[in-house]
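The exercises below are meant to be worked through with the sequence and the coordinates side by side. Try each task before reading its solution.

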Amino acid sequence: MKRSIVVGTAGHIDHGKSALVRALTGTDPDRLPEEKRRGITIDLGFADLQLGDLRLGFVDVPGHERFIKNMLAGAHGIDLVALVIAADEGVMPQTREHFDICRLLGVGQGVVVITKSDLVDAEMLPLVEDETKELVRGSFLETAPIVTVSSKTGAGLDQLKSTIGDVAGQVPARNSEQVTRLPVDRVFSMKGFGAVVTGTLISGEIAEGDELELLPSGIPVRVRGAQVHGKAVVKAEAGQRTAVNLSGVEVSQIERGMVLAAPRRLRPTQIIDASVSVLPNASRGLRSRARVRVHTGAAEVLARVRVLDESGDVAIGATGLVQFRFEAPIVVLHNDHFVVRSYSPQETIAGGIVLHPFAVKHRGRELSRTRRLLEQLEQQDRQQKFQSFVEFAGNSGARLTDIAAATGWNNQVLQSVAELARATPTVSDAGGVFLSAEIFKNYCDQVREELDKFHKRDPLARGLLRETLREKVFTHAAPEIFASAISALESQKVLVSDKETVRSYSHSVDLSAQDQGLRRTFEDSYRKAGVEAPSIEELMTQAGVGAAQRAHARKILQLLIDAGKIVRIQGDMLMDAAALETLRQKLLAYAGTKEPDRLIDVTTFKELAGVSRKYAIPLLEYFDRSRVTRRAGDKRVILK
């Protein structure tokens, strides 16, 4: 099986990184005229080499301290590093800084290359090797092979190729559980093709015709074609240096540091919570309110620091939890590595991993809980991570799209983790919105309390309006949480939910003797009136209900409506339900004599019902709404 491995060079300026890449691959990675004129690497250079089943993509980075941000733009996607040290100079300042950057970015494999062996005596090489071993002691390069070469004479190059091949074979496979993501480290235009971006495809695949999205600007784009190592491919895969020809976007709209990603999956952010480690040799620690430069992917963004500890400081050589508040949008995922450099003078001081990409500003009293959840996010267990993101979401809950934007997990992983979460007693699935079981229980308890208070305050009311209940308890919650809480409580026989109202399951209306008498009076009045019923105001006057008591009397009237004894025809026009049913049967009987048209006009209906136009039109409109009739011009069709 063929594999693609990205090899990054690292080391001090003029230690022979570009010459080494040229000697190994036959390709000059210095492409800019100024680079050739000055004899130094300024920006990223690229070359490739086939070693058996391994396809090595070299990213050559500048060694000058002024171009460290360019170095960082290329270092983010490397699988292994070739740490280059010139035999005639040994370990230099940029050697140390580049090495620190590789450690902070989580590079796990590498080889040490001592170049320019032709410039020193044989006695000098052991001294350089000893200095090199001292530099890498206790790091991921401690046991890495050290190969001495001369790019000029070719000495040691075959051994180096063999060694790189052996080390590359130990590189773990790329993450296959995340959606497509390619941080853009170079952008240019090709005549006849348009915009082209390049970068290391961190995860997923890119094929011709794919619909993607450029973030953080959110520009939708389409892939016109893809190349890997200068050759057109049907599909680029994770771990490959990839050039992508895009349509739907101008070159002027694209910048280094943008991210090409699966559409509508990832989101920009300006506040993240992270774990950081300050270098033991840093000139300063990280303090709250400090302005720093954060490098992640191919991007560099200015940020303010807030240390998530009462001390407000992460000391030199220490590890801590911090929040970064960026001055511009950035696209990162949980577990992404980053490097922190001081604002001025610019030097690498720390690095770490993103824990929560969509953090909020934390209050002092919340720090203990915040630290607990962030420490859970540092664990490897995916289920624990899912639960932590849900807890962070608080009362609002988290949808799978929120978890996807934070982690980059593909659909298969999301569904698997969600299924496990539903089976746990600590997480509730409220119609696709996940929240802690404790918070969901609190919502349900608040519903009980509101209903109890409502029934005590208004014992004759048929129930609390659903919208009123939602506004009181679920103001900032998703509609799905409200619906799920009502459904859960209904299934537990805690409440009864009607179309517009909600009442406690145990609630019953206990009428006083006086109220029972008034209810009978109302019922008798409508029964006697038939379909020529009085208005509510007329009814109240007939029953001797004074103005001060009418609001209470209307609630008794509502009880008759809820019981199905009377029916609201329109506004304040109510009628006896039995009288309406008798009229419906008359209509159906009349229709049987008018087959096949089954038509009736207003005049005939008035005669059939024995009512004036005042009642006829509202009654016909009521029957239209009830699907007993259907209007057809100035007549009605009586439905079967």
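**Exercise 1. Disulfides and cysteines**

How many disulfides does a search of the whole structure find?

Solution. This is a predicted model, in which local features need pLDDT of at least 70 and side-chain atom pairs count only at pLDDT 80 or more, while totals for chains, interfaces and linings use all residues. Residues are numbered from 1 along each chain as its sequence is written, and side-chain values use heavy atoms, with hydrogens and water left out. A disulfide is a covalent bond between the sulfur atoms of two cysteines. With the criterion of a pair of cysteine sulfur atoms within 2.5 Å, the search of the whole structure finds zero disulfides. For the burial of individual cysteines, buried means under 20% relative accessible area, exposed over 50% and partly exposed in between, with a 1.4 Å probe and protein chains only. C102 is buried at a relative accessible area of 3%, and C444 also counts as buried, with 8%.

**Exercise 2. The crossing of helices 14 and 15**

Describe how helix 14 and helix 15 cross, and which residues meet there.

Solution. Begin with the elements, bearing in mind that helices (H or I, at least four residues) and strands (E, at least two) are DSSP runs numbered from the N terminus. The axes of helix 14 (residues 513-529) and helix 15 (residues 536-543) come within 11 Å and cross at roughly 120°, where axes are lines fitted to C-alpha atoms, for helices over the stretch in contact, and angles run from 0 to 180 degrees between N-to-C directions. That angle makes helix 14 oblique to helix 15, given that angles under 35 degrees count as roughly parallel, over 145 as roughly antiparallel, 65 to 115 as roughly perpendicular and the rest as oblique. Next, identify the contacts, defined as heavy atoms within 4.5 Å: L518, T521, F522, S525 and Y526 in helix 14 meet I536, L539, M540 and A543 in helix 15.

**Exercise 3. Unusual backbone geometry**

Which peptide bonds are cis, and where do their prolines lie?

Solution. The bond from S344 to P345 is cis, with omega near -10°, and P345 is placed in the loop between strand 23 (337-342) and strand 24 (348-356). The bond from E595 to P596 is cis as well, with omega near 5°, and P596 lies in the loop between helix 17 (577-592) and strand 33 (599-601).

Now locate the positive phi values of N335 and K493 and state how accessible these residues are.

Solution. N335, a residue other than glycine, has phi near 80°; N335 lies in the loop between strand 22 (319-330) and strand 23 and is partly exposed, at 33% relative accessibility. K493 has phi near 60° and sits in the loop between helix 13 (479-491) and strand 29 (495-497), where K493 is exposed, with a relative accessible area of 54%.

**Exercise 4. Helix 9 and its surroundings**

How many of the residues of helix 9 are buried, and what covers them?

Solution. Helix 9 (residues 400-407) is mostly covered, with six of its eight residues buried, namely L400, I403, A404, A405, A406 and T407. The cover of these buried residues includes helix 8, strand 25 (398-399), helix 10 (411-422) and strand 27 (433-436). Just after helix 9, G408 takes a positive phi of about 75°. In helix 8 (residues 382-393) is S388, which is buried at 0% relative accessible area. Not counting residues up to four places away in sequence, S388 touches L373, Q376 and L377.
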